[in-house]
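Let's take a walk through this one together, looking at the places where there is room for something to sit. Have the model open and follow along.

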Amino acid sequence: MRMRKNSYAIQGGSFGDEGKGRVVDELCFRLALKYKKLVVYRWNGGANAGHTVLVNGTKLALHQIPSGALIKGALAILGKGMVLHPGDLIEEITKIKNVTLANIPAKLVIDDMSVLTLDTHRAFEAVLKDWSEGGAGSTGRGIAPAYSDVLLRHPVRMRDLVRKNWKVLLTKHYDLYAALTNGLGEDISKRHVPNLRNEYSPVGGKNKFLQKLEAQRLVLIKYVERVDKLLKTLWYSKIPFVFEGAQAVGLDPRWGVYPDVTSSDTTFSGILHSTEGVVNPNEIEIRGAVYKATYMASVGKRKLPTKMNARLAEKIRKDADEYGTTTGRPRDIYHVDLPAYQFFVGVTGATHLVLTHLDISYDDSPIKVCTNYVDAQGKRVLYRPDQEYLSRIKPEYILIDAWDGKSVRGINSFTKLPGKTRNYVNYISEELKLKPWILTTGPERNSTIFI
Ligand code: IMP
């Protein structure tokens, strides 16, 4: 298989929130120093994702726009595999322009086949959540109903919204979701749903719903186009490509801990589907999986085997600001879970290692790394994507000498890291069979090491 030079893909390697947005931002920034143009492509998820990027001292939370889009000269493509909320998207574009004071991204293209997720989806998801346990951990952004629309074979896509006769399909869509919600005993027009800023307001009646969309489609129309041909031309050119995944392999519906999973293909194979087969992920030169170096974070109800004691967890939560970007929820903190990571590397086909937050380490508290699980009979067992199973097995740990996190803060060369930190990076790389690639030592743009 050919390797497409200058192509990179980055995804979360554990259960989300590994800091990949910031890594993509940095990678794109460096590429932009060398190349005039750059393609940043996102293949999955929607407004459930949250990347925080620091730009000119301002924290910018991105949800649907890939973080690489903040780079001058970037062409940002929102792929077919995404589910997009028009209102949130417009707000995000406006916010980026206000903070960066530039026309960024230089060009934004929305695949006309990407799927819409609307207030109707958010309302139905919320009603369903009240009605049954299944989606208790969802971010409330209507992700699951939008992806279900595709499997049920009646999605509304971006191209349906920008068509002249858009009202016909969107009216049918409203009626369907009103009926579904009504079937569960609620009136969709009265149900409150969140916007990007987490403010809640009612979906409203059909007319109000359509009026809002009418205004939004006029803003978005210029970005929506057929992407496959453009993509093919770009993929066979020399322009650098960065694929940015949302969520993480541990949140994939097939590989994560059900039902605390999202609904998109979070693995690199999602790129194949989203690009309609134009980009085979195996042709991407570097496929980086991102992990928090010394601990693991998780939001939702899932209970993972390597729970950390509350005192250390609280300290890390405070020092690393471990609160959800989209929902503000405090994240659960766990020890590094190698059996889960090894499983995820296998199913996604990652080749390179990215470790973030190397500055979250305390020299008086060794790093606890889970190397194996054992079952009730004391037999060594592997990760399986099943909560019941994971609740029964026990972790086995090794303790590794930690370093003073403050002493590595801002370091941007591998050789300048303390020996203990370098050894730790090499250890994780060997255990996961991933080549060390990027390390981060602080939240600022240049606190990054490219190996
Ligand atoms: P949904 O994506 O809103 O359907 O949420 C499904 C599950 O994925 C929930 O447990 C969420 O907390 C989790 N989830 C979705 N997006 C993210 C993310 O970007 N980071 C961490 N967890 C996420």
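**Pockets, a cavity and a ligand**

Start with two helices: helix 4 (143–151) and helix 9 (269–274) each put at least two residues into the lining of the second largest pocket. Keep in mind as you look around that this is a predicted model. Of the elements lining that pocket, helix 4 is the biggest giver, with five residues. The space inside the second largest pocket comes to about 280 Å³. In total 17 residues line it, and if you aim for the centre, the closest ones are Tyr 147, Val 150, Leu 151, Ser 263 and His 273. As for the character of the walls, the lining of this pocket splits into seven nonpolar, seven polar and three charged residues.

Now turn to the ligand. Which residues come nearest to it? There are 15 residues around the ligand, and the nearest are Asn 48, Thr 139, Val 261, Thr 262 and Arg 329. Sorted by class, that shell holds five nonpolar, six polar and four charged residues.

Zoom in on the side chains and you can pick out some polar contacts. Thr 262 has a side-chain N or O atom 2.6 Å from an oxygen atom of the ligand. The side chain of Asn 48 does something along those lines, with an N or O atom 2.8 Å from a ligand oxygen. For Gln 247, the ligand partner is a nitrogen atom, and the distance to an N or O atom of the side chain is 3.2 Å. How much of the ligand does the protein bury? On its own the ligand would expose 470 Å², and 96% of that is buried by the protein.

One more stop: the closed-off space. How many cavities of 30 Å³ or more are there? The count is one. About 90 Å³ of space lies in this largest cavity. To find it, look for the residues that line it, among them Thr 294, Met 308, Leu 312, Ile 316, His 335 and Tyr 362. Further along the sequence, Ser 365, Pro 366, Ile 367 and Lys 368 are also part of the lining. Two elements give two or more residues to it, namely helix 10 (310–319) and strand 18 (367–374). By class, the lining of the largest cavity has seven nonpolar residues, four polar ones and one charged residue.

Key:
Residues numbered from 1 in each chain as written. Predicted model: local features only at pLDDT ≥ 70, side-chain atom pairs only at ≥ 80, totals over all residues. Heavy atoms only, no water. Near = heavy atom within 4 Å. Polar contact = N/O pair within 3.5 Å; in protein donor to acceptor, adjacent residues only side chain to side chain. Areas by Shrake-Rupley, 256 points an atom, 1.4 Å probe, with all protein chains shown as cover. Nonpolar A, V, L, I, M, F, W, Y, C, P; charged D, E, K, R; others polar. 1 Å grid on protein atoms, 1.4 Å probe; cavity = no way out; pocket = protein on both sides within 12 Å on 5 of 7 lines; lining within 4 Å. Points joined across faces, edges and corners; volume = space filled by probe spheres on them. Helix = DSSP H or I, 4+ residues; strand = E, 2+ residues; numbered from the N terminus.
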